[in-house]
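Colleague: Could you zoom in on one part of this model for me? I'd like the aromatic residues taken slowly, together with whatever packs around them.

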Amino acid sequence: MADKRLMKASDIPAFVDRVIKAGCDICAIGHFNYCLGDVEEMVAAEDELQRIGEEFGDRDFLLPEIAAYLRTIGRYIDPGSSVSHWSENGKA
């Protein structure tokens, strides 16, 4: 089996930036998960998301770190929260 590329924690800001530039509204869900955006965004950016995945490599083991970074930049929704979009944080 070929060596699988693994994303480094130091690549998280660049990864997030690339996903946003691809047109996806990435945000953390709680403290341990994230979503790239809604289905329509991901379908529209499918080719670019594939390239991003190939460039940065496997990132599953970095889920908490990616979520933590997204939280530091305000892109998060907590389960059970009254907000319907991450941009509403701080307005409640």
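Are F15 and F56 buried or exposed?

Modeller: Both F15 and F56 are buried. Keep in mind that this is a predicted model. With a relative accessibility of 1%, F15 falls under the 20% cut-off and counts as buried.

Let's start with the rings. Searching the whole structure turns up two aromatic pairs. In one of them, the ring centres of F15 and Y34 are 6.4 Å apart and the planes make an angle of 75°, so this is an edge-to-face pair. F15 belongs to helix α1 (residues 12–21) and Y34 to strand β2 (residues 33–35), so the pair ties together parts that lie 19 residues apart in sequence. Y34 comes out at 16% relative accessibility, so it counts as buried.

F15 also pairs with F56: their ring centres are 5.8 Å apart with the planes at 75°, so this pair is edge-to-face too. That link joins distant parts of the chain, as F15 sits in α1 and F56 in helix α3 (residues 46–56), 41 residues apart. Put the pairs together and you get one aromatic cluster made of F15, Y34 and F56.

Now for the helices behind those rings. α1 and α3 pack at about 170°, with 10 Å between their axes. The angle is over 145°, so α1 and α3 are roughly antiparallel to each other. On the α1 side, the contact is made by A14, F15, R18 and V19. The α3 side supplies E48, L49, I52, E55 and F56. So F15 and F56, which pair through their rings, also both belong to this helix contact.

What about the rest of α1? Its buried residues are I12, F15, V16 and V19. They span an arc of only 95° around the axis, so they sit on the same side of α1. If you want the reason for that kind of pattern, an α-helix has 3.6 residues a turn, so residues three or four places apart point the same way. The cover over the buried residues of α1 includes β2, α3 and α4. After α1 comes G23, with a positive phi near 100°.

α3 gives a similar sort of list. L49, I52 and F56 are buried there, and they take up an arc of only 60° around the axis, which places them on the same side of α3. Turn to the face pointing away from that buried side and you find the exposed residues E46, D47 and E54. The buried residues of α3 pack against α1 and α2 (39–44). G57 follows α3, and its phi is positive as well, near 85°.

L49 deserves a moment of its own. This residue of α3 is buried, with a relative accessible area of 17%. Setting aside neighbours within four places in sequence, L49 touches V19, C24, L36 and M42. V19 is one of the α1 residues in the helix contact described above. By C-alpha to C-alpha distance, L49 and A22 are 7.2 Å apart in space, although 27 residues separate them in sequence.

The remaining cover on α1 is helix α4 (residues 63–72), whose buried residues are I66, A67 and L70. Their arc around the axis is only 100°, which puts them on the same side of α4. These buried residues pack against α1, β1 (27–29) and β2. β2 is the strand that holds Y34, while α1 carries F15. After α4 comes G74, with a positive phi near 80°.

One more aromatic ring is worth a look, this time with a charge for company. The charged end of R71 sits over the ring of Y76, 4.2 Å from the ring centre.

So the picture to keep is this: F15, Y34 and F56 make one aromatic cluster, and the α1 and α3 helices that carry F15 and F56 pack with their axes 10 Å apart.

Note on methods. Residues numbered from 1 in each chain as written. Predicted model: local features only at pLDDT ≥ 70, side-chain atom pairs only at ≥ 80, totals over all residues. Heavy atoms only, no water. Phe/Tyr/Trp six-rings, centres within 6.5 Å; stacked < 30°, edge-to-face > 60°. Helix = DSSP H or I, 4+ residues; strand = E, 2+ residues; numbered from the N terminus. Buried < 20%, exposed > 50% of the residue type's maximum accessible area, 1.4 Å probe, protein only. Lys NZ or Arg CZ within 6 Å of the ring centre and 35° of its normal. Arc of directions from axis to C-beta. Contact = heavy atoms within 4.5 Å. Axes fitted to C-alpha atoms, helices over the stretch in contact; angles between N-to-C directions. Parallel < 35°, antiparallel > 145°, perpendicular 65-115°, else oblique.
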